Each structure stands twice: as C-alpha cells, then as structure tokens.
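The following paragraphs walk through one protein model, from its elements to single residues. Please keep the sequence and the structure in view while reading.

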Amino acid sequence: VKLTNSDKGYIVVIDAGHGGEDPGAIGYRGLREKDVVLKIARRLARLIEEEPGMKSVMTRTGDYYLRLRRRVDIARQAEAFLFVSIHADAFSHSSARGTSVYSLSQSGATSEMAAYLAQRENAADLAGGVSLSDHDEDVAEVMLDMQLDWKIEESRLLGTQLLASLATLGALHSRHVEQAGFAVLRAPAIPSVLVETGYVTHPGDSRRLQRPGYLELLAAALFRGILNYCYKRPGCPLPQTVSKTHVVKPGDSLSGIAARYGTNVGAIKRRNGLRSDVIKVQQKLFIPVATP
C-alpha cells in the first residue's frame, strides 16, 4: 500500500500533546505535561532532521492550543509516513509509572486504563471550545474505509518497535501495545501511535522527566524505534542498518568506535541521545551497522 510521497523524504509527524490553555496533566512541583512533551518532541524532531532521508513535521512548535482534529489534518496534509503523539500522564494512584504505547482500537479500549486515558485526552478538545462530537461522523467516514485494518496492524507494529526501544531506559507501564479510541490517532491511512512517556504523578518518573539528559535518551529511544519499524517494512526508503551494542572500554572514542563499525559519529550520537563526544567507560552504546 503506497500512502506517501517518498520524494519528500520519510516524513514523521510529531505531535506534542496539549498546549496553551490546556496544560495536560499536572504533577509534582507543578510539572506540566504540555511543557515536558514539547521538549521531547523538539528533541525527536532534531534527531529525525539530522538523519539522511528523513523529515519531521511538528504539529505545534510552541505553547499554544491546537484542537485534535487540526493535529490529524496536519499529518494528512504532510503526506506523513508515521504519526507519533507524545504525552506524559497522570493517574489517581501515585504508584502508576513507566512508559506505554497506544494504538487505535476499532472496537474500543483493551483495558480500563486505556479507556480512562482515551476519555481524558478526547475531552481535552473542550478546553479550546471545540466539541469533537461535531466531527465524529466525518472522522468515522475517513477511518472506516478499506485501509483501516491495515492501519491498525501497522500502528501495532510501530508501537511494538517503540516499546522495545523504550524498554532500554527502564520500567514499562505495559509491555504490550494497548488500544484505545484516542481521537488524535485518527489520521487516515497513516500508522499512528500515542506514547505515554511516564507519569508526572509518580515521583521517580517526574524527576526523570525534568532532566534534560533523560529527555535526550527518551527522544533517542523513540528515534530508534521509528527507524527499526521502517527497516522491517517492505519498501523502506532509508538505508538499511542493524543495531549492535558496544560497551565502552578504556581508551575508546566515538571516532574510533565509528571507524571500527564502519559508521559515523553523528549516527552514533543520534541513536544514543548524545549531545557531545564525551563517553564513559562501561557505557552501552547502540551502533548502526550497515546490512550486507
């Protein structure tokens, strides 16, 4: 199924949730979801832009409100290959923690948590004075076409790759791709996922989400997941690589490691969320290696 114009590059739409008068979840020390997810989205967009053959489109680039339907329209107009919506959630129990990934469900939510999240995210449109109920029939017509099953399956495959990459950072809230009726995932014929990057109501998650270094690692994990998804799909326009792990030894340098594996320093830095050439002994690095 050809859905996009590959001449424009492998376009990934990155959606930073909430914004403006809609702060999203509020966590410890006043941490606001809308601020955290915009920082992550900007980092992910930078990594994508630096990768040959890829292009990023952000639904919002600043602190302003964007209705859910407009976010979907941006993905459609961009002829995107993928749509990734980034969030950081809250829950009534402070013990809820970890990252999770959601794709669109055709028949409803697969868990009580998924249903709770979908209801809260869909209701966010009311903060901007727009009711989604005005558009449900139009959106449904677009969704319920012959490609819906394909999109749902591809979204699940994308989510699986993202979870595998996110698992390298620590605890997952769910090890499986959950399904729910998020309105923002309804971009027609575009594999779409919603990533909950952690819980601002959990002390540990909240602290991590306030550290720039962790946000770099988080963006890099999402970036690796996106690449791995493309590599596994027929017709992926990106140069094929496999990821090898290298444990830094005394005397190692990024340039030396790059030469050893036949890659380049920039590619290593993008895949590992590194903003400088400084590496530490025993640090584990993901190294892109060209396939034979």
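Helices and strands are named here as DSSP runs numbered from the N terminus, where a helix (H or I) has at least four residues and a strand (E) at least two. In these terms Arg-97 belongs to the loop between β3 (82–89) and β4. The model is a predicted one.

Arg-97 has a relative accessible area of 35% and is therefore partly exposed, since that class lies between the limits of 20% for buried and 50% for exposed. Which residues does Arg-97 touch when its neighbours within four places in sequence are left aside? They are Ala-171, His-173, Tyr-199, His-202, Asp-205 and Arg-208. Pro-203 can be placed relative to this loop residue as well: the C-alpha atoms of Arg-97 and Pro-203 are 8.9 Å apart, while 106 residues separate the two in sequence.

The protein as a whole has nine helices and eight strands. Of its 292 residues, 52% are buried. Among the contacts with a separation of 6 or more, 79% are between residues 24 or more positions apart.

Next come the helix packings. Helix α5 (residues 148–166) packs against helix α7 (residues 212–231) with the axes 8 Å apart and an angle of about 135°. An angle between 115 and 145 degrees falls in neither the perpendicular nor the antiparallel class, so α5 and α7 count as oblique to each other. Their crossing is right-handed. On the α5 side the contact is made by Glu-154, Leu-157, Leu-158, Gln-161, Leu-162, Ser-165 and Leu-166. On the α7 side the residues are Leu-218, Ala-221, Leu-222, Arg-224, Gly-225, Ile-226, Asn-228 and Tyr-229.

Arg-224, one of the α7 residues in that contact, also takes part in an arrangement with an aromatic ring. Its charged end sits over the ring of Phe-286, at 3.9 Å from the ring centre.

A second packing involves helix α8 (residues 254–261) and helix α9 (residues 265–272), whose axes come within 9 Å and cross at roughly 105°. Because this angle lies in the range of 65 to 115 degrees, α8 and α9 are roughly perpendicular to each other. Leu-254, Ser-255, Ile-257 and Ala-258 represent α8 in the contact, and Val-265, Ile-268 and Lys-269 represent α9.

The aromatic rings are a separate topic. A pair of such rings is described by the distance of the centres and the angle of the planes. Two aromatic pairs are counted in this model. One of them joins Tyr-102 and Phe-182, with 5.5 Å from centre to centre and 85° between the planes, an edge-to-face arrangement. Tyr-102 is in strand β4 (residues 100–104) and Phe-182 is in the loop between β5 (178–180) and β6 (192–199), so the pair ties together parts 80 residues apart in sequence. Tyr-102 and Phe-182 are both buried.

The backbone supplies the last points. Most residues other than glycine have a negative phi. His-18 has a positive phi, near 65°, and is not a glycine. The loop between β1 (10–16) and α1 (33–50) holds His-18. Is His-18 buried or exposed? With 5% relative accessibility, His-18 counts as buried.

Gln-282, again not a glycine, has a positive phi of about 80°. Gln-282 lies in the loop between α9 and β8 (284–290). Its relative accessibility is 62%, so Gln-282 counts as exposed.

How values were computed:
Residues are numbered from 1 along each chain as its sequence is written. This is a predicted model: local features need pLDDT of at least 70, side-chain atom pairs count only at pLDDT 80 or more; totals for chains, interfaces and linings use all residues. Side-chain values use heavy atoms; hydrogens and water are left out. Rings of Phe, Tyr and Trp (its six-membered ring) pair if their centres lie within 6.5 Å; planes under 30 degrees apart count as stacked, over 60 as edge-to-face and the rest as tilted. Buried means under 20% relative accessible area, exposed over 50%, partly exposed in between (1.4 Å probe, protein chains only). A charge sits over a ring if NZ of Lys or CZ of Arg is within 6 Å of the ring centre and within 35 degrees of the ring normal. Axes are lines fitted to C-alpha atoms, for helices over the stretch in contact, and angles run from 0 to 180 degrees between N-to-C directions. Angles under 35 degrees count as roughly parallel, over 145 as roughly antiparallel, 65 to 115 as roughly perpendicular and the rest as oblique. A crossing is left-handed if the near helix is turned anticlockwise from the far one by less than a right angle, and right-handed if clockwise. Contact means heavy atoms within 4.5 Å.
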